[in-house]
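Please read the points below beside the sequence and the structure. They take up side-chain charges, the nonpolar core and the aromatic rings in turn.

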Amino acid sequence: MGKETGFLELDRHDRGYEAPEARLKNYKEFVVPLPEADLKAQASRCMNCGVPHCHTGCPVNNIIPDWNHLVYENDWRNALDVLHSTNNFPEFTGRICPAPCEAACTLNIIDQPVTIKSIECAIVDKGWQNGWIAPQIPAKRTGKTVAVVGSGPAGLAAAQQLARAGHTVTVFEKNDRIGGLMRYGIPDFKMEKHLINRRAMQMEAEGVTFRTGTEVGVTISVNSLKENFDAIVFAGGAEDPRKLDIPGAELPGVRLAMEFLTQQNKRNAGDDELRAAPRGSLTATGKHVIVIGGGDTGSDCVGTSNRQGAASVTQIEIMPKPPEMEDKALSWPFWPLRLRTSSSHQEGCERDWAVLTKRVVGGNDVSGLECVRVEWKDGKMVEIEGSEFTLQADLILLAMGFVGPRKAGMLDQAAVELDARGNVKANMLAYKTSEEKIWACGDMRRGQSLVVWAIREGRQCARAVDEALMGKSELPR
(Lines give C-alpha, C1' and ligand atoms only; values in the text may rest on other atoms or scores of the structure.)
Protein backbone atom coordinates (compact mmCIF):
# COMPACT_ATOMS: atom_id res chain seq x y z
CA MET A 1 0.00 0.00 0.00
CA GLY A 2 1.01 3.61 -0.52
CA LYS A 3 1.34 4.40 3.19
CA GLU A 4 1.57 1.33 5.38
CA THR A 5 1.48 3.38 8.60
CA GLY A 6 -1.54 5.46 7.61
CA PHE A 7 -3.92 3.57 9.87
CA LEU A 8 -1.59 4.25 12.81
CA GLU A 9 -1.31 7.96 12.15
CA LEU A 10 -4.90 8.88 11.24
CA ASP A 11 -8.30 8.26 12.77
CA ARG A 12 -11.39 7.51 10.75
CA HIS A 13 -13.09 10.61 9.38
CA ASP A 14 -16.26 10.33 7.30
CA ARG A 15 -18.73 12.51 5.43
CA GLY A 16 -21.05 14.73 7.42
CA TYR A 17 -24.64 15.90 7.04
CA GLU A 18 -26.32 19.24 6.67
CA ALA A 19 -28.11 20.29 9.86
CA PRO A 20 -31.60 18.74 10.28
CA GLU A 21 -33.33 22.13 10.31
CA ALA A 22 -31.89 22.83 6.83
CA ARG A 23 -32.33 19.45 5.20
CA LEU A 24 -35.91 18.96 6.39
CA LYS A 25 -36.97 21.85 4.15
CA ASN A 26 -36.46 19.86 0.95
CA TYR A 27 -35.93 16.40 -0.53
CA LYS A 28 -32.38 16.93 -1.81
CA GLU A 29 -29.38 14.84 -0.83
CA PHE A 30 -27.75 16.34 2.26
CA VAL A 31 -24.50 14.39 2.65
CA VAL A 32 -21.50 16.74 2.71
CA PRO A 33 -18.63 15.18 0.70
CA LEU A 34 -15.12 15.10 2.10
CA PRO A 35 -12.51 17.38 0.52
CA GLU A 36 -10.13 15.60 -1.84
CA ALA A 37 -7.20 15.95 0.56
CA ASP A 38 -9.22 14.27 3.31
CA LEU A 39 -10.23 11.46 0.96
CA LYS A 40 -6.62 10.77 0.06
CA ALA A 41 -5.71 10.76 3.76
CA GLN A 42 -8.54 8.35 4.56
CA ALA A 43 -7.51 6.10 1.67
CA SER A 44 -4.02 5.95 3.18
CA ARG A 45 -5.51 4.20 6.24
CA CYS A 46 -6.21 1.07 4.18
CA MET A 47 -3.91 -1.57 5.69
CA ASN A 48 -1.69 -3.98 3.82
CA CYS A 49 -3.87 -6.85 5.07
CA GLY A 50 -2.73 -10.39 4.52
CA VAL A 51 -6.37 -11.33 3.93
CA PRO A 52 -8.48 -8.28 3.02
CA HIS A 53 -11.89 -9.35 4.30
CA CYS A 54 -13.50 -6.28 2.69
CA HIS A 55 -13.37 -8.24 -0.61
CA THR A 56 -15.72 -10.90 0.66
CA GLY A 57 -17.71 -8.55 2.87
CA CYS A 58 -18.70 -6.73 -0.33
CA PRO A 59 -21.32 -8.68 -2.33
CA VAL A 60 -19.88 -7.50 -5.67
CA ASN A 61 -16.35 -8.30 -4.42
CA ASN A 62 -15.04 -4.77 -5.01
CA ILE A 63 -11.24 -4.67 -5.19
CA ILE A 64 -11.17 -2.15 -2.39
CA PRO A 65 -7.49 -1.99 -1.35
CA ASP A 66 -6.47 -1.39 -4.96
CA TRP A 67 -8.66 1.63 -5.54
CA ASN A 68 -7.88 2.97 -2.08
CA HIS A 69 -4.20 2.87 -3.01
CA LEU A 70 -4.88 4.59 -6.33
CA VAL A 71 -6.81 7.39 -4.61
CA TYR A 72 -3.94 7.86 -2.18
CA GLU A 73 -1.62 8.11 -5.20
CA ASN A 74 -4.02 10.66 -6.78
CA ASP A 75 -4.68 8.29 -9.70
CA TRP A 76 -8.45 8.74 -9.77
CA ARG A 77 -8.89 7.64 -13.38
CA ASN A 78 -7.44 4.20 -12.78
CA ALA A 79 -9.28 3.98 -9.46
CA LEU A 80 -12.51 4.43 -11.44
CA ASP A 81 -11.56 1.62 -13.83
CA VAL A 82 -10.87 -0.74 -10.94
CA LEU A 83 -14.14 0.23 -9.27
CA HIS A 84 -16.17 -0.29 -12.45
CA SER A 85 -14.55 -3.68 -13.04
CA THR A 86 -16.79 -5.17 -10.34
CA ASN A 87 -19.65 -2.69 -9.98
CA ASN A 88 -21.75 -1.19 -12.79
CA PHE A 89 -23.32 1.48 -10.60
CA PRO A 90 -21.05 2.60 -7.74
CA GLU A 91 -22.90 5.93 -7.46
CA PHE A 92 -25.92 3.90 -6.26
CA THR A 93 -24.05 1.76 -3.75
CA GLY A 94 -21.90 4.73 -2.66
CA ARG A 95 -25.11 6.35 -1.44
CA ILE A 96 -27.52 3.64 -0.30
CA CYS A 97 -25.45 0.56 0.51
CA PRO A 98 -25.08 -0.13 4.26
CA ALA A 99 -21.40 -0.91 3.58
CA PRO A 100 -20.89 -4.51 4.74
CA CYS A 101 -17.35 -4.02 3.42
CA GLU A 102 -16.68 -1.61 6.27
CA ALA A 103 -18.06 -4.09 8.80
CA ALA A 104 -15.55 -6.61 7.40
CA CYS A 105 -12.62 -4.17 7.40
CA THR A 106 -9.77 -5.29 9.66
CA LEU A 107 -9.74 -1.88 11.31
CA ASN A 108 -13.36 -2.38 12.33
CA ILE A 109 -12.09 -4.66 15.07
CA ILE A 110 -11.31 -1.41 16.89
CA ASP A 111 -14.30 0.49 15.43
CA GLN A 112 -12.13 2.47 13.02
CA PRO A 113 -12.91 0.99 9.57
CA VAL A 114 -11.66 2.67 6.43
CA THR A 115 -14.26 5.06 4.95
CA ILE A 116 -14.75 2.72 1.98
CA LYS A 117 -18.24 3.86 1.02
CA SER A 118 -17.32 7.55 0.96
CA ILE A 119 -14.21 6.91 -1.15
CA GLU A 120 -16.21 4.74 -3.55
CA CYS A 121 -18.80 7.48 -4.01
CA ALA A 122 -16.14 10.13 -4.51
CA ILE A 123 -14.39 8.07 -7.20
CA VAL A 124 -17.48 7.63 -9.37
CA ASP A 125 -18.73 11.19 -8.81
CA LYS A 126 -15.35 12.50 -9.94
CA GLY A 127 -15.57 10.18 -12.95
CA TRP A 128 -18.86 11.73 -14.03
CA GLN A 129 -17.64 15.28 -13.33
CA ASN A 130 -14.56 14.78 -15.50
CA GLY A 131 -16.31 13.03 -18.37
CA TRP A 132 -14.45 9.77 -17.84
CA ILE A 133 -17.62 7.66 -17.91
CA ALA A 134 -18.76 6.99 -21.46
CA PRO A 135 -20.85 4.35 -23.24
CA GLN A 136 -19.01 1.08 -23.87
CA ILE A 137 -20.32 0.09 -27.27
CA PRO A 138 -19.51 -3.51 -28.30
CA ALA A 139 -17.26 -3.99 -31.31
CA LYS A 140 -19.73 -6.43 -32.87
CA ARG A 141 -23.26 -7.69 -32.36
CA THR A 142 -24.10 -11.33 -31.75
CA GLY A 143 -27.54 -11.30 -33.35
CA LYS A 144 -29.04 -12.66 -30.12
CA THR A 145 -31.92 -10.92 -28.38
CA VAL A 146 -32.58 -10.77 -24.64
CA ALA A 147 -35.60 -9.46 -22.74
CA VAL A 148 -34.96 -8.22 -19.22
CA VAL A 149 -38.07 -7.85 -17.08
CA GLY A 150 -37.63 -5.22 -14.38
CA SER A 151 -35.39 -2.15 -14.34
CA GLY A 152 -34.21 -2.20 -10.74
CA PRO A 153 -30.50 -2.66 -9.98
CA ALA A 154 -30.50 -6.37 -10.92
CA GLY A 155 -32.25 -5.77 -14.23
CA LEU A 156 -30.09 -2.76 -15.10
CA ALA A 157 -26.85 -4.59 -14.28
CA ALA A 158 -27.89 -7.64 -16.30
CA ALA A 159 -29.00 -5.50 -19.24
CA GLN A 160 -25.82 -3.43 -19.33
CA GLN A 161 -23.55 -6.47 -19.17
CA LEU A 162 -25.50 -8.32 -21.88
CA ALA A 163 -25.48 -5.27 -24.15
CA ARG A 164 -21.73 -4.93 -23.72
CA ALA A 165 -21.41 -8.58 -24.73
CA GLY A 166 -23.04 -7.65 -28.03
CA HIS A 167 -26.60 -8.84 -27.50
CA THR A 168 -29.67 -6.78 -28.38
CA VAL A 169 -31.34 -6.08 -25.05
CA THR A 170 -34.83 -4.78 -24.29
CA VAL A 171 -35.78 -3.87 -20.71
CA PHE A 172 -39.47 -4.05 -19.81
CA GLU A 173 -40.63 -1.91 -16.88
CA LYS A 174 -44.24 -1.73 -15.67
CA ASN A 175 -43.83 1.75 -14.15
CA ASP A 176 -43.62 4.99 -16.09
CA ARG A 177 -39.91 5.45 -15.34
CA ILE A 178 -37.05 3.03 -14.97
CA GLY A 179 -35.25 2.27 -11.72
CA GLY A 180 -37.58 -0.07 -9.83
CA LEU A 181 -37.57 0.48 -6.07
CA MET A 182 -34.51 2.70 -6.43
CA ARG A 183 -36.74 5.10 -8.34
CA TYR A 184 -39.91 5.01 -6.28
CA GLY A 185 -39.01 3.26 -3.01
CA ILE A 186 -35.87 5.15 -1.98
CA PRO A 187 -36.41 8.82 -1.12
CA ASP A 188 -34.63 11.51 -3.09
CA PHE A 189 -32.89 12.73 0.06
CA LYS A 190 -30.96 9.47 0.05
CA MET A 191 -30.43 9.23 -3.72
CA GLU A 192 -31.52 11.78 -6.28
CA LYS A 193 -33.00 10.25 -9.40
CA HIS A 194 -30.92 12.11 -11.97
CA LEU A 195 -28.30 9.48 -11.12
CA ILE A 196 -30.56 6.78 -12.58
CA ASN A 197 -31.42 8.92 -15.61
CA ARG A 198 -27.73 9.43 -16.36
CA ARG A 199 -27.04 5.70 -16.36
CA ALA A 200 -30.11 5.07 -18.53
CA MET A 201 -28.73 7.45 -21.15
CA GLN A 202 -25.41 5.61 -21.08
CA MET A 203 -27.15 2.27 -21.51
CA GLU A 204 -29.30 3.53 -24.38
CA ALA A 205 -26.12 4.64 -26.14
CA GLU A 206 -24.79 1.10 -25.59
CA GLY A 207 -27.83 -0.30 -27.39
CA VAL A 208 -30.30 -1.07 -24.57
CA THR A 209 -33.96 -0.33 -25.34
CA PHE A 210 -36.27 0.61 -22.46
CA ARG A 211 -40.01 -0.05 -22.68
CA THR A 212 -41.71 1.62 -19.73
CA GLY A 213 -45.39 1.29 -18.91
CA THR A 214 -45.24 -2.32 -20.08
CA GLU A 215 -46.11 -4.99 -17.54
CA VAL A 216 -45.14 -8.49 -18.60
CA GLY A 217 -48.02 -10.81 -17.83
CA VAL A 218 -50.55 -8.00 -18.30
CA THR A 219 -49.61 -5.67 -21.16
CA ILE A 220 -47.57 -8.31 -22.93
CA SER A 221 -47.57 -12.08 -22.37
CA VAL A 222 -44.67 -14.27 -21.36
CA ASN A 223 -45.32 -16.43 -24.42
CA SER A 224 -44.88 -13.37 -26.61
CA LEU A 225 -41.46 -12.78 -25.09
CA LYS A 226 -40.54 -16.42 -25.64
CA GLU A 227 -41.51 -16.13 -29.30
CA ASN A 228 -39.56 -12.92 -29.89
CA PHE A 229 -36.44 -13.24 -27.74
CA ASP A 230 -33.67 -15.79 -27.42
CA ALA A 231 -33.50 -15.39 -23.64
CA ILE A 232 -35.57 -13.80 -20.88
CA VAL A 233 -34.25 -12.53 -17.54
CA PHE A 234 -36.74 -12.14 -14.71
CA ALA A 235 -35.43 -9.33 -12.47
CA GLY A 236 -38.71 -7.96 -11.18
CA GLY A 237 -37.90 -7.77 -7.49
CA ALA A 238 -39.76 -8.92 -4.38
CA GLU A 239 -42.86 -6.74 -4.29
CA ASP A 240 -45.45 -8.75 -2.34
CA PRO A 241 -45.69 -6.88 0.99
CA ARG A 242 -46.11 -8.60 4.33
CA LYS A 243 -49.67 -8.03 5.56
CA LEU A 244 -50.80 -6.68 8.94
CA ASP A 245 -53.26 -9.35 10.03
CA ILE A 246 -55.04 -7.67 12.94
CA PRO A 247 -58.55 -6.21 13.41
CA GLY A 248 -58.89 -2.76 11.89
CA ALA A 249 -56.05 -3.18 9.39
CA GLU A 250 -58.57 -2.57 6.61
CA LEU A 251 -59.20 1.04 7.70
CA PRO A 252 -58.21 3.70 5.14
CA GLY A 253 -55.56 5.17 7.47
CA VAL A 254 -53.52 1.96 7.33
CA ARG A 255 -51.35 2.12 4.21
CA LEU A 256 -48.35 0.43 2.64
CA ALA A 257 -45.00 2.15 2.97
CA MET A 258 -44.30 1.77 -0.73
CA GLU A 259 -47.48 3.61 -1.68
CA PHE A 260 -46.50 6.45 0.65
CA LEU A 261 -42.92 6.68 -0.59
CA THR A 262 -43.83 6.30 -4.26
CA GLN A 263 -46.29 9.19 -4.14
CA GLN A 264 -43.72 11.59 -2.73
CA ASN A 265 -41.04 10.51 -5.18
CA LYS A 266 -43.46 11.13 -8.05
CA ARG A 267 -44.24 14.58 -6.70
CA ASN A 268 -40.52 15.28 -6.51
CA ALA A 269 -40.22 14.19 -10.15
CA GLY A 270 -42.73 16.87 -11.14
CA ASP A 271 -45.88 14.75 -11.48
CA ASP A 272 -49.17 16.46 -10.67
CA GLU A 273 -51.24 15.03 -7.83
CA LEU A 274 -53.52 13.01 -10.11
CA ARG A 275 -50.56 11.21 -11.63
CA ALA A 276 -48.63 10.92 -8.38
CA ALA A 277 -51.59 9.68 -6.35
CA PRO A 278 -54.26 8.12 -8.61
CA ARG A 279 -55.90 6.41 -5.61
CA GLY A 280 -55.97 9.58 -3.56
CA SER A 281 -53.28 11.67 -1.87
CA LEU A 282 -51.44 10.07 1.02
CA THR A 283 -49.49 12.49 3.20
CA ALA A 284 -48.36 12.73 6.81
CA THR A 285 -48.92 16.48 7.12
CA GLY A 286 -50.23 17.34 10.59
CA LYS A 287 -50.76 13.68 11.47
CA HIS A 288 -49.56 11.40 14.24
CA VAL A 289 -47.74 8.75 12.23
CA ILE A 290 -46.85 5.23 13.33
CA VAL A 291 -44.39 3.27 11.21
CA ILE A 292 -44.52 -0.49 11.75
CA GLY A 293 -41.18 -2.05 10.88
CA GLY A 294 -37.68 -1.15 12.04
CA GLY A 295 -35.74 -1.52 8.80
CA ASP A 296 -34.55 0.86 6.09
CA THR A 297 -37.99 1.25 4.53
CA GLY A 298 -39.40 2.24 7.91
CA SER A 299 -36.58 4.76 8.31
CA ASP A 300 -37.40 6.19 4.87
CA CYS A 301 -41.01 6.64 5.98
CA VAL A 302 -39.78 8.51 9.06
CA GLY A 303 -37.68 10.92 7.00
CA THR A 304 -40.46 11.51 4.48
CA SER A 305 -43.07 12.02 7.23
CA ASN A 306 -40.87 14.63 8.90
CA ARG A 307 -40.42 16.49 5.62
CA GLN A 308 -44.16 16.49 5.07
CA GLY A 309 -44.71 18.07 8.48
CA ALA A 310 -46.04 15.21 10.60
CA ALA A 311 -47.26 16.10 14.09
CA SER A 312 -45.30 13.15 15.49
CA VAL A 313 -43.57 10.03 14.19
CA THR A 314 -43.22 6.75 16.09
CA GLN A 315 -41.46 3.68 14.71
CA ILE A 316 -42.11 0.29 16.29
CA GLU A 317 -40.42 -3.06 15.76
CA ILE A 318 -41.50 -6.54 16.88
CA MET A 319 -37.92 -7.73 17.50
CA PRO A 320 -35.96 -6.84 20.67
CA LYS A 321 -33.80 -3.73 20.74
CA PRO A 322 -30.36 -4.63 19.36
CA PRO A 323 -27.25 -4.06 21.46
CA GLU A 324 -25.46 -0.73 21.20
CA MET A 325 -22.26 -2.59 20.30
CA GLU A 326 -21.71 -6.04 18.86
CA ASP A 327 -19.32 -8.64 20.25
CA LYS A 328 -16.50 -8.34 17.72
CA ALA A 329 -14.99 -11.66 18.76
CA LEU A 330 -18.20 -13.38 17.69
CA SER A 331 -19.33 -11.27 14.73
CA TRP A 332 -16.34 -9.86 12.85
CA PRO A 333 -15.89 -9.92 9.82
CA PHE A 334 -19.58 -10.63 9.28
CA TRP A 335 -22.42 -8.10 9.29
CA PRO A 336 -23.26 -7.59 12.96
CA LEU A 337 -26.56 -7.21 14.75
CA ARG A 338 -26.33 -3.83 16.46
CA LEU A 339 -28.44 -0.74 17.04
CA ARG A 340 -28.35 1.53 14.00
CA THR A 341 -29.64 5.08 14.06
CA SER A 342 -30.24 6.57 10.63
CA SER A 343 -30.13 10.21 9.60
CA SER A 344 -33.95 10.10 9.46
CA HIS A 345 -34.11 8.98 13.10
CA GLN A 346 -31.86 11.89 14.03
CA GLU A 347 -34.34 14.29 12.44
CA GLY A 348 -37.02 13.37 14.97
CA CYS A 349 -38.65 10.07 15.83
CA GLU A 350 -39.72 7.97 18.81
CA ARG A 351 -38.57 4.35 18.54
CA ASP A 352 -39.75 1.30 20.42
CA TRP A 353 -38.84 -2.39 20.25
CA ALA A 354 -40.38 -5.75 21.20
CA VAL A 355 -43.84 -4.38 20.40
CA LEU A 356 -46.62 -6.52 18.97
CA THR A 357 -49.62 -4.81 17.35
CA LYS A 358 -53.02 -6.11 18.44
CA ARG A 359 -55.75 -3.88 16.98
CA VAL A 360 -56.18 -0.71 14.96
CA VAL A 361 -58.52 1.66 16.79
CA GLY A 362 -60.96 3.80 14.84
CA GLY A 363 -64.36 4.23 13.25
CA ASN A 364 -64.30 5.58 9.72
CA ASP A 365 -60.60 6.21 10.06
CA VAL A 366 -57.65 5.46 12.31
CA SER A 367 -57.37 7.01 15.78
CA GLY A 368 -54.93 4.69 17.53
CA LEU A 369 -53.04 1.41 17.62
CA GLU A 370 -53.34 -1.08 20.46
CA CYS A 371 -50.07 -2.86 21.26
CA VAL A 372 -48.53 -5.20 23.79
CA ARG A 373 -44.92 -5.80 24.77
CA VAL A 374 -43.35 -9.19 24.07
CA GLU A 375 -40.38 -11.24 25.18
CA TRP A 376 -38.76 -14.44 24.00
CA LYS A 377 -38.88 -17.60 26.08
CA ASP A 378 -37.56 -20.94 24.85
CA GLY A 379 -37.32 -19.52 21.36
CA LYS A 380 -40.96 -18.39 21.29
CA MET A 381 -42.45 -14.92 21.41
CA VAL A 382 -44.64 -14.43 24.49
CA GLU A 383 -46.84 -11.46 25.35
CA ILE A 384 -46.01 -9.78 28.64
CA GLU A 385 -49.08 -9.76 30.83
CA GLY A 386 -50.31 -6.31 31.77
CA SER A 387 -48.08 -4.51 29.24
CA GLU A 388 -50.84 -3.41 26.89
CA PHE A 389 -50.79 0.19 25.68
CA THR A 390 -52.34 2.34 22.94
CA LEU A 391 -50.52 4.76 20.66
CA GLN A 392 -52.25 7.76 19.14
CA ALA A 393 -52.33 7.49 15.37
CA ASP A 394 -53.88 9.18 12.35
CA LEU A 395 -51.76 7.31 9.82
CA ILE A 396 -50.18 3.85 10.10
CA LEU A 397 -47.53 2.95 7.55
CA LEU A 398 -46.68 -0.72 7.01
CA ALA A 399 -42.95 -1.21 6.44
CA MET A 400 -42.71 -4.85 7.48
CA GLY A 401 -40.84 -6.13 4.47
CA PHE A 402 -41.78 -8.32 1.56
CA VAL A 403 -42.60 -12.01 1.37
CA GLY A 404 -41.47 -12.53 -2.22
CA PRO A 405 -42.32 -11.64 -5.81
CA ARG A 406 -45.88 -11.10 -6.93
CA LYS A 407 -47.26 -14.28 -8.43
CA ALA A 408 -50.26 -12.98 -10.42
CA GLY A 409 -49.52 -12.17 -14.02
CA MET A 410 -45.98 -12.89 -15.13
CA LEU A 411 -44.97 -15.72 -12.79
CA ASP A 412 -48.30 -17.50 -13.14
CA GLN A 413 -48.02 -17.28 -16.92
CA ALA A 414 -44.41 -18.41 -16.94
CA ALA A 415 -45.19 -21.39 -14.66
CA VAL A 416 -41.64 -21.28 -13.27
CA GLU A 417 -40.89 -23.42 -10.24
CA LEU A 418 -40.74 -21.57 -6.93
CA ASP A 419 -38.59 -22.37 -3.90
CA ALA A 420 -39.84 -22.99 -0.36
CA ARG A 421 -39.92 -19.25 0.34
CA GLY A 422 -42.01 -18.43 -2.73
CA ASN A 423 -39.14 -16.97 -4.78
CA VAL A 424 -38.30 -18.01 -8.32
CA LYS A 425 -36.13 -21.12 -8.07
CA ALA A 426 -32.71 -20.76 -9.69
CA ASN A 427 -29.22 -21.38 -8.35
CA MET A 428 -26.36 -18.87 -8.03
CA LEU A 429 -24.28 -20.44 -10.82
CA ALA A 430 -26.55 -20.85 -13.83
CA TYR A 431 -29.45 -18.63 -12.64
CA LYS A 432 -31.63 -20.81 -14.86
CA THR A 433 -35.26 -21.37 -13.96
CA SER A 434 -37.27 -24.52 -14.56
CA GLU A 435 -38.64 -23.08 -17.80
CA GLU A 436 -36.88 -22.93 -21.15
CA LYS A 437 -35.37 -19.57 -22.11
CA ILE A 438 -35.98 -18.02 -18.67
CA TRP A 439 -33.37 -16.95 -16.09
CA ALA A 440 -33.96 -15.11 -12.80
CA CYS A 441 -31.86 -12.86 -10.58
CA GLY A 442 -32.05 -10.27 -7.84
CA ASP A 443 -34.77 -10.08 -5.21
CA MET A 444 -37.13 -12.12 -7.36
CA ARG A 445 -34.72 -15.04 -6.95
CA ARG A 446 -33.12 -14.47 -3.52
CA GLY A 447 -35.87 -12.56 -1.69
CA GLN A 448 -35.71 -8.95 -0.52
CA SER A 449 -32.14 -7.85 -0.13
CA LEU A 450 -29.68 -5.02 -0.76
CA VAL A 451 -29.09 -3.03 -3.95
CA VAL A 452 -25.50 -4.26 -3.97
CA TRP A 453 -26.67 -7.90 -3.91
CA ALA A 454 -29.01 -7.15 -6.81
CA ILE A 455 -26.14 -5.70 -8.86
CA ARG A 456 -24.04 -8.79 -8.14
CA GLU A 457 -26.83 -11.13 -9.20
CA GLY A 458 -27.56 -9.15 -12.35
CA ARG A 459 -23.90 -9.33 -13.39
CA GLN A 460 -23.61 -13.03 -12.68
CA CYS A 461 -26.90 -13.80 -14.40
CA ALA A 462 -25.75 -11.88 -17.48
CA ARG A 463 -22.67 -14.07 -17.71
CA ALA A 464 -24.79 -17.21 -17.38
CA VAL A 465 -27.13 -16.05 -20.16
CA ASP A 466 -24.23 -15.03 -22.39
CA GLU A 467 -22.61 -18.42 -21.90
CA ALA A 468 -25.85 -20.24 -22.68
CA LEU A 469 -26.39 -18.23 -25.86
CA MET A 470 -22.81 -18.26 -27.14
CA GLY A 471 -21.28 -21.40 -25.60
CA LYS A 472 -18.72 -19.29 -23.73
CA SER A 473 -18.55 -15.87 -22.08
CA GLU A 474 -15.89 -13.25 -21.46
CA LEU A 475 -18.11 -11.36 -19.02
CA PRO A 476 -16.85 -11.31 -15.41
CA ARG A 477 -18.90 -12.88 -12.64
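Is K377 buried, exposed or partly exposed, going by its relative accessibility? The residue counts as partly exposed, at a relative accessibility of 45%. This value, like the others in this note, is computed from a predicted model.

1. The partner of K377 should be read together with it. The side chain of E375 meets that of K377 in a salt bridge, with 3.4 Å from N to O, and E375 has a relative accessible area of 30%, which makes this residue partly exposed as well. A salt bridge also joins E417 to K425, where the closest N and O atoms lie 3.4 Å apart. Here E417 is partly exposed with a relative accessible area of 40%, and K425 is likewise partly exposed at 43% relative accessibility.

2. The pair formed by D300 and K190 deserves its own paragraph. The closest N and O atoms of this salt bridge are 3.0 Å apart. Because D300 belongs to helix α16 (residues 296-308) while K190 sits in the loop between α11 (181-184) and α12 (194-205), the pair ties together parts that are 110 residues apart in sequence. Why does D300 count as buried? Its relative accessibility is 4%, and the cut-off for a buried residue is under 20% relative accessible area. K190, by contrast, counts as partly exposed, with a relative accessibility of 25%.

3. Beyond these pairs, the count of salt bridges in the model comes to 34. Some charged residues are joined in a wider arrangement, since D111, E326, K328 and R338 are linked in a network of salt bridges.

4. Turning to the nonpolar interior, the largest nonpolar core holds 68 residues, and the residues with the most contacts inside this core are W67, I123, M182, V233 and V465. Helix α21 (residues 451-470) supplies the largest share of the core, namely nine residues. Leaving aside residues up to four places away in sequence, W67 touches N62, A79, V82, L83, I116, I119, E120 and I123; I123, named in this list, is also one of the residues with the most contacts inside the core.

5. The structure holds four aromatic pairs. One of them is the stacked pair of F30 and F189, with 6.3 Å from centre to centre and 25° between the planes. This pair links distant parts of the chain, as F30 lies in the loop between α2 (20-23) and β2 (31-32) and F189 in the loop between α11 and α12, 159 residues apart. Both F30 and F189 are buried, and ring pairs link these two residues with Y17 into a cluster.

6. A second pair to inspect is that of F172 and F229, which is edge-to-face, with 5.9 Å from centre to centre and 85° between the planes. Distant parts of the chain are linked here too: F172 is in strand β4 (residues 168-173), and F229 is in the loop between α13 (222-228) and β6 (231-234), 57 residues apart. Both F172 and F229 are buried.

7. Finally, where does the charged end of K266 sit? It sits over the ring of Y184, 5.2 Å from the ring's centre. A comparable placement involves K432, which lies over the face of W439 at 5.1 Å from the ring centre.

How values were computed. Residues are numbered from 1 along each chain as its sequence is written. This is a predicted model: local features need pLDDT of at least 70, side-chain atom pairs count only at pLDDT 80 or more; totals for chains, interfaces and linings use all residues. Side-chain values use heavy atoms; hydrogens and water are left out. A salt bridge is a side-chain nitrogen of Lys or Arg within 4 Å of a carboxyl oxygen of Asp or Glu. Helices (H or I, at least four residues) and strands (E, at least two) are DSSP runs, numbered from the N terminus. Buried means under 20% relative accessible area, exposed over 50%, partly exposed in between (1.4 Å probe, protein chains only). A nonpolar core is a set of buried Ala, Val, Leu, Ile, Met, Phe, Trp, Tyr and Cys residues joined through side-chain atoms within 4.5 Å. Contact means heavy atoms within 4.5 Å. Rings of Phe, Tyr and Trp (its six-membered ring) pair if their centres lie within 6.5 Å; planes under 30 degrees apart count as stacked, over 60 as edge-to-face and the rest as tilted. A charge sits over a ring if NZ of Lys or CZ of Arg is within 6 Å of the ring centre and within 35 degrees of the ring normal.
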